[in-house]
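The following questions and answers are written for a first-year student. Please consult the sequence and the structure shown here while reading.

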Amino acid sequence: MEDKKIVELYWQRNETAITETSVKYGRYLTAISLNILGIFEDAEECVSDTYISAWNAMPPQRPNVLQTFLGKITRNISFNRYKQGRTAKRGGGEVSAVLHELEECVSDSKSVETELDRREMAKAIDDFLDSLSEKKRDIFVLRYWYSESVSKIAKRFNMKETAVSMTLSRLRAALRSFLLERGFEI
Amino acid sequence: MKNDDLFEIIGDISDRHIEGAKKKKASGVWKKWGALAACLCIVVAAAFMITLRVPGDKNYEDNSGEPDYREDDYLVDNGTSNFGASETSDKYTSLNELLEFLSENDDHGDTMDSNGSRNISADGNSITYGAKVVAHNGYVYRIGDGCVEVLNLDGETLGTIDFAAHEIFISGDRLALVGGRTVGNEFEYESYSIVRTYMLRDPANPEFLEKYEQSGERVACYMANDKLYLLTTDGVCACGYSRLDDVSEYIPTFDGEPWNQNDIAILGEPTRVNYLAVSAVEMTGGISAMKAFYGDIDDVFYGEDWIAVATRNWNTQPEVYVFDESFKFTGKIELADIIGVDKSIKHDEDGITIGDVISVTSVSKYGEVFGVLGGYSYATPDDTSFSGYSYISRVMIAAKNMETGETDLELVDAEADTSSIDDIFHEDDRAIICISTMYNSDDPQNMSDGNRFVVAEFENGEVTAHLADFITDRVNGVENYFTYGSPYGDLETIIPMEDAVYLRFNGKPNGFDIFDFSDIGNTKMIYKSNGELPEREYFDFTWQKLDEKTIAVLHIKMSEDYKIRDSEYSLRIYSVDITSDTPFTWLAEYTFGETEAVWVYELGLAMFEYEGEYYFVSASTDGVTKIKF
């Protein structure tokens, strides 16, 4: 079913929307969650929670790109689940390594305080990504948005793992400079 | 700033970057996710099956240990099934022509759904589906962990077949196991479906006969007339993109050999590479027919002696291509012509479909005619409407006699703001269609929904249809829990209990409604469940008819946090007396342990009759249990 129809089903409060979403994007969302959590059952539950969130969000929202709309919800839910599990020392997929890498970009000082600050920084990261070559941009997004493993990224781009790790390291350094130059306190 | 914050902020980057990373060099990945998702949505209902084995279980290799079996005697007799590509396409006379054209002109989904997957689904009538557990002459064959176990009715395990099957079939004294293997890695891999047949001269010791392997993701598998039909697909991803790095890859293989070019049918003018390969495995040995359909395939439907492939794309109304049991082309059902509307689909500047839209939900054979059930709607922009559009929607019941070419049509107004088909029960010459309806759809605060029935009869090629007077409640299910396994309001199958009397499992979260469809002009609801339970977290998951007076229900008590893995499962047996004010009497209950329950949920539960006694076997619980009531 095409996305616009699925969104329309949400707006009609037709529960078939959930089924159609599950059929079309269930695996995609599970993959995102599984990368973060590393436990299939937990990922499955996060995907279920994604459907609930989508149901609650539409209406009023009418996403332009349903797939990434859902993907972002799953990523958020899964990361929140990860943070809870981290306290209990449970689970954790590739995201532990991803977070460890991202520590290089931040100084562990104060948190970003307002939603506006966050949006501004997300926009700046978009600008940063626009400044990259297509390949580097994709490597960055696959690692830090999709939390995909270095080995998978290496296979995907037919690169050696060490080359991917090196690319990511340089990208992190470049991102840190990019954000600092634009006045962000990181 | 902490790394957690940065990770979360990266989550808000632009959709175009997220999508971009996904699409580059990754078509294979998302294709596979989508195809697997499509596989997951196919419900095999013969047994009391709950869900399919998850594809992520890394069942990558056929671990049978048997050498690949291949003999030339399976080769199809071209005299009976060689019909070539051109019969179903005005534009192409061979697959090479099509692939050559698409290698330069494939639109990668731009004129299909914006992000659309091609979820080929299956619907069947008068056929047998595979099961997780089947019984034969006092023996039970059930899918275990990487193997198929053979048990007797005392529950003793007599032996195992070392093959990770997904479905089991029995036909006469033959056993067929259907599984698959995947080679490659998570990003780039190829899937194959495998059929293994066995002789059951001694049911306790199945003798291996033959093995076949067909490329592609398994769409469906069914048994009819002692033939096992295997349907597989490849070519298009979940996000609507073709894998076109090398078009030559998109020729299906059977036992490693490319498909015979003469056994290919091109359906109209495909916009992308997408094939549906079908082979008929004779349970007595050999292959009787093979066909690979290329087209913008939306759905496949099949019955005892026919198969119908429905095509659709972003710009064109659906068409249905019908083939006989040997996959000989018998004709095309052009729904736009039958309804009398334009064959092209129009869209507004935002890509929203406007004007006439036809959808196909089901195709079945009713006597001499093929019936196509679906929807017809007409959408026009309307600024005063909440959704921005005004819709006219009708339930479509079209019929075509493939021999005479005569057609007939009924468009039924479900008397609601919007309507869509939930469930269909097919009979010899009629279909009972359950429709989901929406009221006050322009007013979010006062929206309501319900269900109505349309009963359609196909007599001498003519269609008559009646809308039932009553409206049943639409249901909400278990609050805050939407995953599969929870009844969030869908209706379950309508099953005949007695002549012309049907039960519908309404999942509200519990309850069965009873209907009398004996007079299609005056259908009645005999009993309406109140659907209320003392505690909402209990619900009936699925059910099976044991006989005309008895049903068995898989009952689930949700855990406090609504997590399915910690829930408790039990099998409840009820007697049914349709003449009583309280038709359902609870006879017996069998409770599963927590660990077993998880496995029951994942792998299935089967009930069967043997010499007048009923038994149930779960796919992981030890033993075989005789049902006492």
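A residue is called buried when its relative accessible area is under 20%, exposed when that area is over 50%, and partly exposed in between. The model discussed here is a predicted one.

Q: Which residues of α1(B) are buried?
A: Helix α1 of chain B covers residues 3–10, and 8 of its 8 residues are buried, so the helix is largely enclosed by the rest of the structure. The buried residues are N3(B), D4(B), D5(B), L6(B), F7(B), E8(B), I9(B) and I10(B).

Q: How many helices are there in chain A?
A: Read along the sequence, chain A follows the pattern α-α-α-α-α-α-α-α-α. Of its 186 residues, 58% count as buried. Chain A has 0 strands, and its helices number 9.

Q: What is the order of the strands in the open sheet of 6 strands in chain B?
A: The pairing in this sheet is mixed. Strands β2 (128–129) and β15 (264–266) of chain B stand at the edges with a single partner strand each, so one side of each has no neighbour in the sheet. The order is β2-β11-β12-β16-β17-β15.

Q: Which residues of β12(B) are buried on each of its two faces?
A: Strand β12 of chain B spans residues 227–234, and 8 of its 8 residues are buried. Both faces are therefore covered, given that buried means under 20% relative accessible area. One side carries K227(B), Y229(B), L231(B) and T233(B), and the other carries L228(B), L230(B), T232(B) and D234(B).

Q: Which residue in the turn between β11(B) and β12(B) has a positive phi?
A: Strand β11 (residues 217–224) of chain B pairs with β12(B) in the antiparallel sense over 7 bridges. Within this pairing, C221(B) has L230(B) as its bridge partner. The two strands form a hairpin with 2 residues between them, and the turn residue with a positive phi, of about 50 degrees, is N225(B).

Q: Which residue in β16(B) stands opposite K227(B)?
A: Strand β16 of chain B comprises residues 275–282, and it pairs with β12(B) in the antiparallel sense over 8 bridges. Opposite K227(B) in β16(B) stands E282(B).

Q: Do β15(B) and β17(B) run parallel or antiparallel?
A: Strand β17 of chain B covers residues 287–294, and 3 bridges join it to β15(B). In this pairing, I264(B) stands opposite A292(B). The direction of the two strands is parallel.

Q: Which are the edge strands of the open sheet of 5 strands in chain B?
A: This sheet has the order β22-β23-β24-β25-β26, with antiparallel pairing. An edge strand pairs on one side only, and here the edge strands are β22 (346–347) and β26 (407–412).

Q: How many bridges join β23(B) to β24(B)?
A: Strand β23 covers residues 353–366 of chain B, while strand β24 covers residues 369–381, and the two run antiparallel. V357(B) stands opposite S377(B) in β24(B). The number of bridges joining the two strands is 11.

Q: What is the N to O distance in the salt bridge of D130(A) and R16(B)?
A: Side chains of opposite charge can pair when their charged atoms come close. This pair crosses between chains, from D130(A) in helix α6 (residues 115–130) of chain A to R16(B) in helix α2 (residues 15–23) of chain B. D130(A) is partly exposed at 37% relative accessible area, and R16(B) is partly exposed at 46%. The distance from N to O is 2.8 Å.

Q: How far apart are the closest N and O atoms of K343(B) and E334(B)?
A: These two residues form a salt bridge. K343(B) counts as partly exposed at 35% relative accessibility, and E334(B) is partly exposed at 22%. The closest N and O atoms are 3.1 Å apart.

Q: Is R572(B) buried or exposed?
A: R572(B) meets E589(B) in a salt bridge of 3.0 Å, N to O. The pair links strand β38 (residues 568–576), which holds R572(B), with strand β39 (residues 584–591), which holds E589(B). E589(B) counts as partly exposed at 32% relative accessibility. R572(B) has a relative accessible area of 14%, under the cut-off of 20%, so it is buried.

Conventions. Residues numbered from 1 in each chain as written. Chains lettered and ligands numbered in written order. Predicted model: local features only at pLDDT ≥ 70, side-chain atom pairs only at ≥ 80, totals over all residues. Heavy atoms only, no water. Buried < 20%, exposed > 50% of the residue type's maximum accessible area, 1.4 Å probe, protein only. Helix = DSSP H or I, 4+ residues; strand = E, 2+ residues; numbered from the N terminus. Pairing = 2+ DSSP bridges. Salt bridge = Lys/Arg side-chain N within 4 Å of Asp/Glu carboxyl O.
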